[in-house]
Amino acid sequence: MTEPFDLTAIVGTGGIAPRARFATDATLLSLNGDWSFALSPSLAEAPDGIESPDFDDSGWGTIPVPSSWPVQGHGSPAYTNVVFPFPIDVPFVPDENPTGDFRRRFTWSESDGGALLRFDGVDAAGQVWLNGTLLGTTRGSRLPTEFDVSDALRPGENLLVVRVTQWAATSYLEDQDMWWLPGIFRDVTLQATPAGGVHDVAVHADWDVDRGAVLRIDAATRDGAQAQIAIPALGLAALAPGEEHVIAGAAPWTAETPALTEVVVSTATETATLRVGFRTVTIEDAQIKVNGTRIRLRGVNRHESHPDLGRAVPLTVARAEMLQMKQYNVNAIRTSHYPPHPGVLDLADELGFWLVDESDLETHGFELIGWRDNPSDDPAWRDAYLDRITRTVQRDRNHASVILWSLGNESGTGGNLAAAAALSHSLDPSRPVHYEGDYDCEYVDVWSQMYPTQSHVDAVGRRAEQPLADAALQARRHAMPHLLCEYAHAMGTGPGGLSEYEASFDTYDRTQGGFVWEWVEHGIRQRTADGRAYFAYGGDFGEPLHDGNFVADGLVDADRVPRPGLADYKKVVEPVKLTIADDRASLTIRNRYDFVDTAHLALTWSVQGGAGGDLPVPAIAPGDSATVPLSSEAAAGALFTVRAVLAQDAPWAPAGHEIAWAQAGSLPAAPAAGPGSDSVAPETAGDVITLGPGVFDANTGHLTALGAIEVDGPVVTLWRAPTDNDRGVAQDRLDLPSDAELWRRGGLHRLRTRVASIDATGDVLRVTTHVGPAGTDHRVQVVLEWTSDGTALSCSATVTPHGDWPSDWARVGLEFALPWAADGVEWDGLGPDQHYPDTGQAARLGTFRVDSARDLHTDYVLPQENGSRAQVTRLRLGAPSSSGAALQVSGEGFSFTGSPWTSAELDAALHTVDLPEGRAFTRLTIDLAEHGIGTASCGPGVLDPYRLTPRTVTGVLRLQASASR
């Protein structure tokens, strides 16, 4: 009979003591692959006797290991950010506890020595048998468990059986803002342990500014065997373990120069190989320093999520992610909120990242009940906290990329966290400890915060922040570096306000950057009945409690396709700052790298539509600047662009890859938008007014045709389909509803128009309307003055508020409904990606083209406003081929949005597949003013300079039908 499974246990049983992960020449057998599998709705309903070789599993199906069973068609995913999806009845979990049983037969050919069985990740609790023998249980879903199977393993065929429950007491410690996805989701491996082999290795690889590389390796062997150390590349052999060795010829490791040295630890029966990086982490002068140098963290938070595989992320995908990060100037990763797959640490060492390695811990759901019964301050849970930090440190301690140990995330505070910090310091004195929830910085080494305002970060940099009441704690915190473990919530359109954070990071030594939340969206791929794919989020699987699309908040989508915010982040944090002099006679280059000079870069320049060339690159030391002259040819162009690119191939990008850029000048002027000297007069005939190429409805004042092109509009809009950030309640405006709610209360989404007058006198067609929502007396007066030179129309628009508006405006837009799908969109202005007042730092001036208005749109998981292009002087939309024309709009710098959907359709849609496709329609909105984006989905809202308060707004546009290309 299957032995009882104690789900109230908080640590696993039967496993060996935690040890480091390292490569070995001992026999390894991967047990990944197809396993027999059956899912029961509860532990009580799971079959007995599954561990027996005689148990009949012929009626079971199969499942791949590693995987998460809900994305393999067994049960359903569930997403919550904070709330526990079960009653808080510590340490118990519901009887309704999905239970997955796994069975795998395998052949073992080794006959000498023992073996270890390693599970790298089992969510949430596992019970393991080998050949009918109970090995023990697993706890800590994202931590390894190893069993000594020497007595149970036999040559020939073996049977491995694992029972996994979705819930256990430890689920209270694993509330980590992600899908709840049970299963054996990481590798399962059997490793031979030859007698006299290498059991564990602890690397102490420091970089001493005076002596260089200093190495000590502590090796634990089996049976008292003697170990030796060798560094083949440097010709070193037979070095003694446990002693300090100065290694001549080794280079220091940093995220910018990830120099690794292969170190071999061997006995007579086993050889272990490690890639060692020499570096030292210290905190001095309220700064994190590596090898004596302050570092700058340009980071992201990285969860492990795959749209088809759940928590099982192949290392090929992880490598591609990390290459992508490097290409976008990301140099740091916080492993939110658990240690990652061990291969990720290898990649970080190899490619060069600063890692904050986080323990597998979050008890956030207790916050909703006032932190009552929170395990963080309950002595009964101390063993679990110490177990988790021990297993984190012991597994990953040999990796140069790890510069901070993090105790976990959003678990309140208490004695267990303080004890975990003390244990971390004891296990590894060489690395500082991080935990954001220690607000008073009693037991951590760095001051970490989430989502503070930009002004607060600036105050911290100036050492003018609000002090703690306890003077001793304030003095302690004042001596700490400051970092943002989460900021710039990358949910939907946005994030806004990156530049203001960067200004503080770039100005003050103490503020050393942080980690954008987050890298990847956690959408789960689903399909409609007709096969259209979309990304599902919380609530899409019938969860009674969920947090909606809050799981879709990444710089890249679930398929790792970059969102516009990633390009903005790359631009804002670029490690080289290029500044073109006002007279364009010189270029100043500021090196913002921490360790490398600029010798690895090349500089190229170009003039819009003209010449281009290369510039000399002086070897500028980190933190220094230099100025190089620009040629007169470069200075003569209208729009001048200079780019810093890789001079040679790097392990993460080819030569020519762009690191930074700058521009000066402007695009060629568009045709004048105002009235010309050869004005023609409007003519009225019945319900139609004709003005040059324009045809207007005499009752509404709408433009209905421009030459052979059908149009309808404009109407003034003050609203946009709310973004995720518009919907959020800003942490710096908690006394107010969200912007979106204020806009709805103000009626911006339900404006109605009254035509006050249509005056076709002289050379001007003047259309005056009053636009406002029902039930209120606040409105805007809109005056459109149309003129024509006979070939084009000019529109002078004035929008004036009246009454007491209860909210800001989302935009001041002139909206046209075009009864045709744009066939090619071309513009002169900022591009290629979107730009709002506080976003779009990556947008540069140029001429850009996409095939259709659909291509201007970003498929955010929850449809919303997006796609604005700014500082546009000329816009051209290809009309249907039958017209032989295109609609062209020019002006002195407007924004536009071209979309196949109305704002109401975007607002109503819950998923991308809810939007109609394939119809002949384009919504063209010419924005004369726009509200910023901010990060109120989680963090501060739109900063005051970017808020669109009700005010008079004007603009002048020129419209014409041009020849189709």
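## Briefing on a predicted single-chain model

Asp210 is exposed, with a relative accessible area of 71%, and this residue is found in the loop between strand 16 (198–208) and strand 17 (212–221). The model in which Asp210 sits is a predicted one. Its secondary structure comes to 12 helices and 59 strands, and the radius of gyration of the chain is 31 Å, close to the 30 Å that the globule rule gives for 965 residues, so the chain is as compact as a globular protein of that length.

**Overall build**

- Taken along the principal axes, the box filled by the C-alpha atoms of the chain is roughly 105 × 65 × 60 Å.
- Of the 965 residues of the chain, 60% count as buried.
- Among the contacts in the chain with a separation of 6 or more, 74% are made by residues 24 or more positions apart.
- Asp210 and Glu465 stand 255 residues apart along the chain, and their C-alpha atoms are separated by 37 Å.

**Cysteines**

- The structure holds 0 disulfides; for Cys441, which is in no disulfide, the nearest cysteine sulfur is that of Cys485, 11 Å away.
- Cys441 counts as buried because its relative accessibility is 0%, and the cut-off for that class is under 20%.
- Cys938 is likewise in no disulfide, and the nearest cysteine sulfur to Cys938, that of Cys485, is 11 Å away.
- With a relative accessibility of 16%, Cys938 also counts as buried.

**Pockets**

- The largest pocket has a volume of about 850 Å³, and of the 43 residues that line this pocket, the closest to its centre are Ala20, Arg21, Phe22, Arg118 and Arg395.
- Several elements each supply at least two residues of the lining of the largest pocket, including strand 1 (23–24), strand 10 (133–138), strand 22 (271–276), helix 1 (315–327) and helix 3 (382–396), while helix 2 gives the most, with 5 residues.
- By class, the lining of the largest pocket divides into 14 nonpolar, 15 polar and 14 charged residues.
- The second largest pocket encloses about 520 Å³ of space, and of the 22 residues that line it, those closest to its centre are Ala78, Pro85, Gln166, Trp167 and Pro544.
- In the lining of the second largest pocket, 15 residues are nonpolar, 5 are polar and 2 are charged.

**Cavities**

- Rolling a probe the size of a water molecule over the atoms shows where empty space is left.
- The structure holds 7 cavities of 30 Å³ or more, and the largest cavity has a volume of about 80 Å³.
- Residues lining the largest cavity include Asp123, Arg142, Gln166, Trp167, Glu174, Trp179 and Trp180, and the largest share of this lining, 3 residues, comes from strand 13 (residues 178–180).
- The lining of the largest cavity is made up of 6 nonpolar, 3 polar and 3 charged residues.
- Gln166 and Trp167 are among the residues that line the largest cavity, and both are also among those closest to the centre of the second largest pocket.
- The second largest cavity has a volume of about 50 Å³, and its lining includes Asn725, Asp726, Arg733, Pro737, Asp739, Ala936, Val942 and Arg947.
- By class, 4 nonpolar, 4 polar and 4 charged residues line the second largest cavity.

Note on methods: Residues are numbered from 1 along each chain as its sequence is written. This is a predicted model: local features need pLDDT of at least 70, side-chain atom pairs count only at pLDDT 80 or more; totals for chains, interfaces and linings use all residues. Side-chain values use heavy atoms; hydrogens and water are left out. A disulfide is a pair of cysteine sulfur atoms within 2.5 Å. Buried means under 20% relative accessible area, exposed over 50%, partly exposed in between (1.4 Å probe, protein chains only). Helices (H or I, at least four residues) and strands (E, at least two) are DSSP runs, numbered from the N terminus. On a 1 Å grid over the protein atoms alone, a cavity is a set of points where a 1.4 Å probe fits but cannot get out, and a pocket is an open set with protein on both sides within 12 Å along at least five of seven lines; lining residues have an atom within 4 Å of a point. Grid points are joined across faces, edges and corners, and a volume is the space filled by probe spheres set on the points. Ala, Val, Leu, Ile, Met, Phe, Trp, Tyr, Cys and Pro count as nonpolar, Asp, Glu, Lys and Arg as charged, and the others, Gly among them, as polar. The radius of gyration is taken over C-alpha atoms; the globule rule is 2.2 Å times the number of residues to the power 0.38. Contact means heavy atoms within 4.5 Å.
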